[in-house]
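I opened a fresh page for this protein. These are my entries on what I looked up.

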Amino acid sequence: MKSLLHDLQKKQLVWTAANLDQHKERVATGYKQLDDALNGGFPQSGLIHITSVMGCGEMRLVVPAIVSRQRENRLYAFIAPPYLLNAEFLMAQGIELEQVLFIQADTPEQAFWSAEQCAKSGACSAVFIWQTKLQQIQAKKLELAALKGDCLSFFFADAKHQADNLPVSLSLSIQRKNSQLEICVNKQKVGWPIPAFSVKVPFKAKLGSPMRYRSKPKPAHNVIAFNAKN
């Protein structure tokens with residue numbers, strides 16, 4: 001039993017209260033209620049699993065945190081988003097478009113591979129990936145990749161396919177209620193699960209939503225069409 005527990009601790013699959021000091025460095029989310037629930041904010045690196053109805057406000061929730069990492073002068077990789085990114089919105093938030101990498105993936109396997117490579121490369125400050133669901137082995141690979149590359153990775157999944165006990169740094173469930181997001185902390189490395197609470201999010205903006213309906217993208221140096229044959 002002791003040998004098994006030692007192996008789990010070595011793989012960072014067991015958290016104890018004695019390790020709280022090791023996680024003092026946090027990334028402020030920009031929302032006080034959420035920061036309080038997460039002991040100061042998002043982790044500095046690791047995989048954050050967010051389940052929601054796509055487009056309910058998940059990007060508005062995480063953008064303030066990634067903007068605070070702008071000084072790192074690293075890339076932001078967006079992988080297989082359900083809609084096209086709104087460049088004007090990103091610029092208004094203070095994100096330089098030269099640091100934005102948009103990766104198109106035709107299959108879930110391509111998307112997962114791209115996310116893993118970006119996260120562990122050290123070139124990306126944050127990675128965003130949208131898929132229907134996340135499996136245990138996939139979560140472990142993305143978590144280790146993010147920790148290796150000192151990257152904050154966000155995995156957005158459909159609320160209908162929520163998985164329990166995934167090996168991630170943080171797991172949240174969110175749903176929109178009028179001008180607020182109701183957030184439930186399902187799992188976090190530095191604390192306990194927390195029942196639903198509300199956070200007011202600025203949904204109305206002069207430059208519209210973070211994403212727009214998908215259309216055929218124009219060629220650009222920071223848009224990559226994934227081709228497994230190359």
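Entry 1, a cut-off. I call a residue buried when its relative accessible area is under 20%. H49 has 2% relative accessibility, so I list H49 as buried. The model I am reading is predicted.

Entry 2, around H49. I placed H49 in strand 3, which covers residues 46–52. Then I asked which residues H49 is in contact with, leaving aside its neighbours within four places in sequence. I found L134, F155, A157, L166, V168, L170, S171 and L172.

Entry 3, the overall count. I looked up the secondary structure and got 6 helices and 13 strands. The protein has 230 residues, and 45% of them are buried. I also checked contacts between residues at least 6 apart in sequence. Of these, 72% join residues at least 24 apart. The accessible surface comes to about 12,600 Å². Carbon and sulfur atoms account for 54% of that surface.

Entry 4, empty space. How many cavities of 30 Å³ or more does the whole structure hold? My search returned 1. The volume of the largest cavity is about 30 Å³. I wrote down its lining: L47, A115, A119, V127, I129, L142, S153, F154 and F155. By class, the lining has 8 nonpolar residues, 1 polar and no charged. Next I sorted the lining by element. Helix 5 (108–121), strand 7 (124–130) and strand 8 (152–158) supply at least two residues each. Strand 8 gives the most, with 3 residues. F155 appears in this lining, and F155 is also in contact with H49.

Entry 5, a glutamate in a helix. Is E143 buried or exposed? I read a relative accessible area of 3% for E143, so this residue is buried. E143 belongs to helix 6, residues 136–148. I listed the contacts of E143 without its neighbours within four places in sequence. They are G46, L47, P167, V168, S169 and K189. L47 was already on my page as a lining residue of the largest cavity. V168 was there too, as a contact of H49. I also took one distance. The C-alpha atoms of E143 and S45 are 8.7 Å apart, with their positions 98 residues apart in sequence.

Entry 6, a glutamate in a loop. I found E72 in the loop between helix 3 (58–67) and strand 4 (75–79). E72 has a relative accessible area of 30%, and I noted it as partly exposed. From E72 to A123 I get 9.8 Å, C-alpha to C-alpha. Along the chain these two residues are 51 apart.

Entry 7, helix 3 itself. I counted 8 buried residues among the 10 of helix 3, so I marked the helix as mostly covered. The buried ones are E58, M59, R60, L61, V62, V63, A65 and I66.

Entry 8, cysteines. How many disulfides are there? I count 0. C124 is in no disulfide, and its nearest cysteine sulfur, that of C118, lies 4.4 Å away. The cut-off I apply is sulfur atoms within 2.5 Å, so this pair does not qualify. C151 is in no disulfide either; the nearest cysteine sulfur there is that of C124, 5.9 Å away. I then looked up how covered both residues are. C124 is buried at a relative accessible area of 2%. C151 is buried as well, at 0% relative accessibility.

Note on methods. Residues numbered from 1 in each chain as written. Predicted model: local features only at pLDDT ≥ 70, side-chain atom pairs only at ≥ 80, totals over all residues. Heavy atoms only, no water. Helix = DSSP H or I, 4+ residues; strand = E, 2+ residues; numbered from the N terminus. Buried < 20%, exposed > 50% of the residue type's maximum accessible area, 1.4 Å probe, protein only. Contact = heavy atoms within 4.5 Å. Areas by Shrake-Rupley, 256 points an atom, 1.4 Å probe, with all protein chains shown as cover. 1 Å grid on protein atoms, 1.4 Å probe; cavity = no way out; pocket = protein on both sides within 12 Å on 5 of 7 lines; lining within 4 Å. Points joined across faces, edges and corners; volume = space filled by probe spheres on them. Nonpolar A, V, L, I, M, F, W, Y, C, P; charged D, E, K, R; others polar.
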